[in-house]
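Please consider the structure shown below. The paragraphs that follow lead through its contacts, its helices and its surface.

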Amino acid sequence: MSEQPAPASTVRQPLEPTAASAVRAYAARTRENADRLAAVLEDIATNGLPLVEECTPWEELRETHLARLAAQRPAVA
């Protein structure tokens, strides 16, 4: 994305400080995730794909992620 300022004709509504902090935190997390993905893709481009035997099946990854999400949220009675 471009880091150029918006044109002068664009009127913007400023964010509350807490909202601006939350947006910056989200941007930082998104940037970290993109950097992690880019590193994996660069590794694949340099070294090739890993052997199937060394990979984790997507179903297992999904179940692990769903369990982590369920642990973060209390069950509804």
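A salt bridge is a side-chain nitrogen of Lys or Arg within 4 Å of a carboxyl oxygen of Asp or Glu. The structure holds one such pair: R62 and E63, whose closest N and O atoms lie 3.1 Å apart. Both partners are partly exposed (relative accessible area between 20%, under which a residue is buried, and 50%, over which it is exposed; 1.4 Å probe, protein chains only). The value is 43% for E63 and 36% for R62.

This is a predicted model, in which local features need pLDDT of at least 70, side-chain atom pairs count only at pLDDT 80 or more, and totals for chains, interfaces and linings use all residues. Residues are numbered from 1 along each chain as its sequence is written, and side-chain values use heavy atoms, without hydrogens and water.

The protein chain has two helices and zero strands, assigned as DSSP runs numbered from the N terminus (helices H or I, at least four residues; strands E, at least two). Helix 1 covers residues 17-47. Its end C-alpha atoms are 45 Å apart, in agreement with the 45 Å expected for 31 residues, the expected span being 1.5 Å times one less than the number of residues. G48 follows helix 1 and has a positive phi, near 85°.

Of the 77 residues in the protein chain, 1% are buried.
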